[in-house]
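Trainee: Please choose one part of this model and take me through it closely. I'd also like to know how it compares with a few other places in the chain.

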Amino acid sequence: MTTALSDPRRLIDRARLLGPGAALAVIVAMAAQFLSNHYGAPVMLMAILLGIPFHFLSEHETTGPGIAFAAKGLLRIGVALLGLRVSLDMVRQIGWGFVLIIAGCIAVTILASILLARLMGRDKAFGFLTGGSVAICGASAAMAISSVLPQRETSERDLSFTVISVTAFSTVAMIVYPIIAQSLGLDQHLTGLFLGGTIHDVAQVVGAGYSVSDETGDIATVVKLIRVTLLAPVVLIGALVLRRNADVGGKRPPLLPGFVAIFLVLAALNSFHVVPGFVLEPASTLSRALLVTAVAAVGMKTSLARLTDVGGPAILMMAVQTIGLAILVLIPLLMGLV
């Protein structure tokens with residue numbers, strides 16, 4: 001009886017502790033969504049930029065715990081729900097051949113990024129974080145990968161830098177890549193494969209694809225969601241490698257992060273058409289809202305003074321990653337391998 005009565009009390013206490021900070025993150029996210037809807041600004045970029053001026057709130061005892069929860073807890077729920085957006089039907093629509101090409105491009109981009117990070121004086125974690133965000137799905141991938149990386153002094157700064165940079169590069173790609181595709185003589189189908197296989201964020205893929213044609217937009221969106229599907233195995237493999245290399249006495253990452261397991265289960269259920277259609281759209285909207293809120297919270301945890309310490313070489317590194325991925329995807333398209 002005592003336990004049953006104490007659980008609701010603990011739940012209420014937890015809500016009181018996390019509520020103020022989480023509510024502030026939601027408000028910042030809503031402001032970012034408003035700017036995106038009315039002025040076409042990238043919502044993820046707006047969320048983190050609007051959050052940064054409120055960094056002081058993340059250090060306040062009243063709002064700090066809720067902001068920290070929004071940055072991690074809401075993120076994991078949002079990533080898990082992304083599983084409902086993908087299915088094996090997408091793979092069949094595009095073809096296993098191109099899916100294997102995309103998987104290979106992602107692997108090469110991430111491994112090359114880890115090597116590039118070492119050459120530029122950064123650690124492997126920074127290379128994995130930036131490479132994964134460029135190769136898979138921008139800010140969402142950066143947030144998911146960050147959640148399994150070991151905590152470092154520069155963790156929050158590196159994550160904020162990555163989210164800002166990858167969103168900015170994605171926005172540039174949304175404008176430039178359709179022009180490149182046209183100049184190379186790619187038809188609407190190949191243009192969709194190119195845009196979906198290279199642009200970082202889903203929203204920018206949609207914007208670029210449908211600016212060419214409906215067919216291009218449909219194909220680009222499907223290819224992009226296949227890249228989103230590969231987020232789960234990449235995070236899983238990363239967690240396994242980090243677990244193996246963890247210090248003997250230190251805290252080791254979980255063998256299979258819970259949110260990755262839920263992602264995979266939901267993707268499997270969606271592949272077998274078990275999930276009712278009326279659930280999919282609300283779940284997708286909720287996932288997006290949670291991810292924007294998590295990005296806003298990351299912005300609120302970011303010190304602008306420390307963000308400037310990242311330096312120009314890191315921006316150059318992300319530019320090289322972005323261009324490298326575009327070249328990797330273009331080669332098989334231009335060679336007629338698809």
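**A covered helix and its surroundings**

Mentor: Let's start with helix H8, residues 188–198, which is mostly covered, nine of its eleven residues being buried (under 20% relative accessible area with a 1.4 Å probe and protein chains only; over 50% is exposed, in between partly exposed). Helices here are DSSP runs of H or I with at least four residues, numbered from the N terminus. Please keep in mind that this is a predicted model, where local features need pLDDT of at least 70, side-chain atom pairs count only at 80 or more, and totals for chains, interfaces and linings use all residues. Residues are numbered from 1 along each chain as its sequence is written, and side-chain values use heavy atoms, without hydrogens and water.

Follow H8 along and you will find the buried residues Leu190, Thr191, Gly192, Leu193, Phe194, Leu195, Gly196, Gly197 and Thr198. What do these buried residues of H8 pack against? Their partners, through contacts (heavy atoms within 4.5 Å), are H4 (88–94), H5 (96–119), H7 (155–183), H9, H10 (214–229) and H15 (312–334). It helps to display those helices in separate colours when you look at H8.

H2, residues 43–51, gives you another covered helix to set beside H8. Seven of the nine residues of H2 are buried, so H2 is largely enclosed by the rest of the structure. The buried residues of H2 are Val43, Met44, Leu45, Met46, Ala47, Ile48 and Gly51.

A partner of H2 is H13, and this pairing repays a closer look. Two packed helices are described by the angle between their axes and the distance between the axes. For H2 and H13 the angle is about 35° and the axes lie 6 Å apart (axes are lines fitted to C-alpha atoms over the stretch in contact, with angles from 0 to 180 degrees between N-to-C directions). On the H2 side, the contact is made by Val43, Met44, Ala47, Ile48 and Gly51. On the H13 side, Arg288, Leu291, Val292, Val295, Ala296, Val298, Gly299 and Met300 take part. Val43, Met44, Ala47, Ile48 and Gly51 thus appear in this contact and also among the buried residues of H2.

Now for a single side chain that you can click on: Phe259, in helix H12. Phe259 is buried, its relative accessible area being 8%. Leaving aside neighbours within four places in sequence, Phe259 is in contact with Arg76, Val79, Ala80, Ala144, Ser147, Val148 and Val235. Look also at Leu81: 178 residues separate Leu81 and Phe259 along the chain, while their C-alpha atoms are 8.7 Å apart.

To finish, move from H12, which spans 258–271, into the loop that leads to H13, where you will meet His273. Is His273 buried or exposed? His273 has 57% relative accessibility and therefore counts as exposed, whereas Phe259 in H12 is buried. The backbone of His273 deserves a glance too. Most residues other than glycine have a negative phi. His273 is not a glycine, yet its phi is positive, at about 55°.

So that is the tour: H8 with nine of eleven residues buried, H2 with seven of nine buried, and an exposed His273 in the loop between H12 and H13.

Key: Helix = DSSP H or I, 4+ residues; strand = E, 2+ residues; numbered from the N terminus.
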